[in-house]
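Visitor: I'm new to this one and would like a close look at a single part: the place where neighbouring pieces come together. Please spell out any special terms as you go.

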Amino acid sequence: MENLIEPKKLTCSHCKNLIESSEAIFCNHCGFPENGTKEQKGKFYGQLAIKKNRNIDAKDKIKSARNTLFILAGIVAIFGLLAYSTHQDILILGINFLLSLIYLTLAFWSEKKPMMALLIGLLLYITTIAITAIFEPTTLIKGVIWKILIVGYLGKGIYSASSIKD
Amino acid sequence: MIDITCKNCGKNLDVNSRFCSSCGNQISKNSEIGKELTISKIIWFYVVMIIFLITSVFTQEKLDYSIYSEITFEFIFILIVLLFSLSNYKEIIQLYRIPKKRYIQYTLAFLIPFVSSFSVSFFIDLVENLSDSLISTNMYADYASYKYSLSIAFVFIAVLPAIFEELAFRGYLYNLLKKISSEKTTIIATAFIFALVHFPFLSLIWIFPFGLILGYFRMKYKTLWFGMIIHFIHNLIVLLIDFYDYNQLS
């Protein structure tokens with residue numbers, strides 16, 4: 001009987017995944033230069049540290065965007081209560097509570113799907129500005145700095161979420 | 001399985017490779033850039049839609065909702081949708097293939113709008129009874145003063161939205177969202193954005209579930225036809241109910 005010797009399978013010393021062939025210099029899963037030079041390995045660890053910092057930064061931005069959604073939920077609910085106390089209109093209260101609930105749901109959903117939750121949150125916020133402007137055009141200019149800040153926080157959160165796995 | 005080529009050194013790589021095994025070039029970095037580009041396209045599409053809607057509401061208020069302004073704005077909306085869709089026409093064109101003979105699905109596509117349209121009418125009545133501040137939601141009322149009002153309303157409420165809203169949301173937008181998320185998330189996001197552009201926030205309660213149904217049919221059968229049929233029948237029934245209500249009140 002022919003004795004077949006199976007070639008030894010190489011695993012990446014960094015991520016422990018299988019390396020496609022013995023001729024491969026880099027691991028095709030994590031990019032570690034398994035058969036590379038010392039300089040290449042040093043460069044890999046340097047890039048890894050930068051990437052780690054970038055991920056921390058991205059997570060911070062997502063957290064800020066999530067907090068923005070929580071704040072929006074609170075502001076909309078309070079505004080609804082104030083409007084109800086002035087106009088005694090249950091519909092205005094209902095709309096504000098519904099909006100608040102949506103922002104809250106999106107804030108919690110952003111723990112699982114940050115990119116999509118923040119994107120929907122941003123679009124919802126833009127729509128709120130647009131609808132308010134239809135009834136009262138001057139609201140477009142009112143609190144413009146706050147609006148830019150909110151859009152900025154949500155926008156940064158979205159693009160940061162796109163750079164890390166959703 | 002060799003499916004991709006490293007752009008840096010030209011080596012053929014396994015489809016699942018995230019790095020080139022020969023030069024260490026990161027393959028997945030391109031998909032990150034692609035993701036950002038897709039997000040930008042979604043935001044731009046939505047912002048253009050919102051600007052268009054605000055402009056149309058303002059201008060039509062000033063022009064007292066004439067038939068000419070109605071036609072002009074409908075034409076602009078169609079143009080916007082077609083221009084965006086043009087950038088994705090290869091994928092969108094696949095969605096216009098006539099689905100195979102699926103009797104159950106066709107039956108459902110005819111039955112679902114009956115349930116959805118009567119539910120919507122019920123919710124609108126309920127909301128209207130809650131408050132006096134709500135502007136009339138009767139869709140026919142905007143067209144009532146025109147000659148051949150029902151025929152015009154039929155085109156603007158039942159026919160055109162079924163064709164072009166489906167192309168915009170279940171076609172262009174769905175294809176973009178699918179690139180950055182799972183099918184399930186795409187259906188939810190498309191339905192939500194579709195409900196948002198219908199403006200009054202309370203309409204989210206009935207348009208969002210309707211959007212979920214349309215999105216499910218789009219995902220399951222990879223065609224816009226079921227969505228167009230459901231959307232058309234739904235809008236037509238709502239229009240006929242509003243037409244009946246309007247004449248009863250008159």
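Guide: Let's start with a term we'll need right away: a salt bridge is a side-chain nitrogen of Lys or Arg within 4 Å of a carboxyl oxygen of Asp or Glu. Between chain A and chain B, the count of those is zero.

A quick word on what you're looking at. This is a predicted model, where local features need pLDDT of at least 70 and side-chain atom pairs count only at pLDDT 80 or more, while totals for chains, interfaces and linings use all residues; side-chain values use heavy atoms, with hydrogens and water left out. Residues are numbered from 1 along each chain as its sequence is written, and chains are lettered from A, with ligands numbered from 1, in the order in which they are written.

So what does join the two chains? On the A side, 40 residues are in contact with 42 residues of chain B, contact meaning heavy atoms within 4.5 Å. Together the chains bury about 3700 Å², and carbon and sulfur atoms give 75% of that. Buried area here is the accessible area (1.4 Å probe) that two parts lose on being put together, summed over both. Three residues are worth finding on your screen: Leu91(A), Ile134(A) and Tyr159(A) supply 16% of the area that chain A buries against chain B, more than any other three residues.

There are polar links across the interface too. Eight residue pairs are in polar contact between chain A and chain B, both partners at pLDDT 80 or more. A polar contact is a pair of N or O atoms within 3.5 Å; within protein, one must be able to donate a hydrogen and the other to accept it, and residues adjacent in sequence count only if both atoms are side-chain atoms. As for the helices involved, α2, α3 and α4 of chain A each supply at least two residues of the side that touches chain B. The largest share of that side, 15 residues, comes from α3(A). (Helices are DSSP runs of H or I, at least four residues, and strands are runs of E, at least two, numbered from the N terminus.)

Now back to salt bridges, since the structure holds four of them over all chains. Take Glu111(A) and Arg66(A), whose side chains meet in one at 3.9 Å, N to O. They link distant parts of chain A: Glu111(A) is in the loop between α2 (90–109) and α3 (114–135), Arg66(A) is in helix α1, and 45 residues separate them. Glu111(A) is exposed at 54% relative accessible area, whereas Arg66(A) is buried at 13%. Those words have cut-offs: buried is under 20%, exposed is over 50%, and partly exposed is in between (1.4 Å probe, protein chains only).

Stay with Arg66(A) for a moment. Its helix, α1, covers residues 38–87 of chain A. The side chain of Arg66(A) also makes a polar contact of 2.8 Å with the side chain of Ser110(A). Leaving out residues up to four places away in sequence, Arg66(A) touches Ala107(A), Ser110(A), Glu111(A) and Leu118(A).

Elsewhere in helix α1 of chain A, Asp57(A) and Lys61(A) are four residues apart, which means about one helical turn between them. Their side chains form a salt bridge at 3.3 Å, N to O. Asp57(A) is partly exposed at 36%, and Lys61(A) is partly exposed at 30%.

Chain B has a salt bridge for you as well: the side chains of Lys179(B) and Glu91(B) meet at 3.8 Å, N to O. Lys179(B) sits in helix α5 (residues 149–180) and Glu91(B) in helix α3 (residues 89–94), so the pair ties together parts of chain B that are 88 residues apart in sequence. Lys179(B) is partly exposed at 45%, and Glu91(B) is partly exposed at 35%.

One last stop in chain B, at its backbone. Most residues other than glycine have a negative phi. Tyr148(B), though, has a positive one, near 55°. You'll find Tyr148(B) in the loop between α4 (103–130) and α5 of chain B, where it is exposed at 59% relative accessible area.
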